[in-house]
There are 2 protein chains.
Amino acid sequence: MKLIESVPNFSEGRREEVVREIVDEASKYSNIKVLDWSMDYDHNRSVVTLVGEPEPLINALFDMTKKASELIDLRDHNGEHPRMGATDVIPLIPVMNTKMDECVELSKILGKRIAEELKIPVYLYEKSATKPERENLSNIRKGQFEGFFEKIKNPDWVPDFGPAEVHPTAGVTAVGAREYLIAFNVNLGTDRLEVAEKIARAVRHISGGFRYVKALGIELKDKGIVQVTMNLTNYKKSPIFRVFEVIKREAQRYGVPVLNSEIVGMVPLKAIVQTMAWYLQLDDFKEDRVIEKKILDTF
Amino acid sequence: MKLIESVPNFSEGRREEVVREIVDEASKYSNIKVLDWSMDYDHNRSVVTLVGEPEPLINALFDMTKKASELIDLRDHNGEHPRMGATDVIPLIPVMNTKMDECVELSKILGKRIAEELKIPVYLYEKSATKPERENLSNIRKGQFEGFFEKIKNPDWVPDFGPAEVHPTAGVTAVGAREYLIAFNVNLGTDRLEVAEKIARAVRHISGGFRYVKALGIELKDKGIVQVTMNLTNYKKSPIFRVFEVIKREAQRYGVPVLNSEIVGMVPLKAIVQTMAWYLQLDDFKEDRVIEKKILDTF
């Protein structure tokens, strides 16, 4: 069995019935699993997490995008989070027995279909990007829905699929393949925020750390401690265990203990197997040695 | 989805066509997965590893036992490994979403059916044992097939199910629930066997070590190194990471490095999650946070 995850973002975070109708489009597929969905009132945005086999997943995402284009009108939309489409962004993430290349291919199939059938211009981003300046989603989204009516006329911003004309109510949508993102936090036994900040700087890419790590030092006031909060944007290349070991060593430097850590949300099996294999010095251990994986592969 | 593993042992390790016929009894169930099967000529014995949901698994094991009773005649059997039945032993092991108690119940259902329909006396062992002296399989098997015609008349050895009369060709069978067994080896950067032996003594139960660890020090002559080779008979109570950390520390004491380690065969997800959670100091991480497990649970 092949598994791909998607975490589409929709520009509706206040009318629950609308979000439910969109989520229902995925739930009607028996072989798609909706792992989670949540709404944010201030952002006026919702995020759905679904996993499934490639073909039904693409169909479900198309149906959700269609439903969102029917129920959301961006002319009436306001919220704190920048947005450019009723369906703002659709990432495709390889989870099990799939490669990034397959997700790139699928993003193009889905993007083309959204453009042709729904008349919504589509931009390919991240690993699917056709130009370097389209890799970063926030680059594409600059100007937002309102600004896109001008931006789309710029020859540099011709959409990858569909007409060079913004959909009047549903805007434009970004579709792209990317790696699984792991949200990983480490709690430190001190209330000195500067220690967490120094450690965050040591591990994050922007200040010289690991290439696929974003990190911040924050206070957990109710607990009287500080935390290094991170996004690992490619756990295969900047793995959890290596980041964790460096954080432990840096904390030692400041005489501060690591209290515990947490992974937020779901994790792919590969990330767990990789962590065990490193700590136990297993040279030859892959996911297919896990009984549950073997069973999944029979479906 | 609930998953149980079984590793039945059959007293045939030379006639491949016979073993294949027995394995085929499991393969005909679409919802049973045969993970592995192997024959040993000297032991004249074969071992099959299968996983599946409780009900079909019990049915498959019954069919295999029936087939073995038709094809194997213990009066003609000789081999190095002690044995008492055509189907010698059937362990039931909780793997996913099942508890030991359920496996104990299932072992009784299966044992009863084997006794009633096939007229083979059945002894419950390990967690299913009805008396302390029946917990250990080798205690039950003492005397082997040939000795059982007398042993079964002893009031202490009345079978748990079936007539107090050995099946003339298929002998007697042991059925029982037990924990998953992990075969775990650690390689040391030295050719001094005594170091591996000392470390094995430090971690194994019999000489004062962890309760659920069996260990030996052996030489790997082709590699010019030594190994601590282990069976962890309850990874929940004597977990891999703790055993590994003690071995590393003991090796340090002798100025010997740990080169690498290996897990032989398959591992349940729980053991991997447990290992990661310990090393990363995750207080709140269970298997249901693994995407693949979540998907399996939808079946």
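How many salt bridges does the rule find across the interface of chain A and chain B? I would like to start there, and I should say at once that what we are looking at is a predicted model. The answer is 0 salt bridges across that interface, although there are 19 residue pairs in polar contact between chain A and chain B, counting pairs with both residues at pLDDT 80 or more.

Let us look at what the side of chain A that touches chain B is made of. By class, that side has 31 nonpolar, 6 polar and 9 charged residues. The elements giving two or more residues to it include the strands β1 (3-6), β3 (32-40) and β5 (87-96) of chain A, and also the helices α7 (240-253), α8 (269-279) and α9 (291-296), while β11(A) gives the most, with 7 residues.

Now to the extent of the interface: 46 residues of chain A are in contact with 46 residues of chain B, and the area buried between the two chains is about 4,000 Å², of which carbon and sulfur atoms give 73%. In chain A, the residues that lose the most area to chain B are A:Leu280, A:Ile291 and A:Glu292, which together make up 18% of what that side buries.

Finally, the symmetry. Chain A can be laid on chain B with an RMSD of 0.0 Å, by a turn of 180° and a shift of 0.0 Å along the axis, and the two copies are therefore related as by a two-fold rotation axis. Of the residues of chain A, A:Met276 comes closest to that axis, with its C-alpha at 2.7 Å. Because 100% of the interface residues of chain A are also interface residues in chain B, the copies meet through the same surface.

Note on methods:
Residues numbered from 1 in each chain as written. Chains lettered and ligands numbered in written order. Predicted model: local features only at pLDDT ≥ 70, side-chain atom pairs only at ≥ 80, totals over all residues. Heavy atoms only, no water. Contact = heavy atoms within 4.5 Å. Buried area = accessible area lost by both parts, 1.4 Å probe. Salt bridge = Lys/Arg side-chain N within 4 Å of Asp/Glu carboxyl O. Polar contact = N/O pair within 3.5 Å; in protein donor to acceptor, adjacent residues only side chain to side chain. Helix = DSSP H or I, 4+ residues; strand = E, 2+ residues; numbered from the N terminus. Nonpolar A, V, L, I, M, F, W, Y, C, P; charged D, E, K, R; others polar. Least-squares fit on C-alpha atoms with pLDDT ≥ 70 in both.
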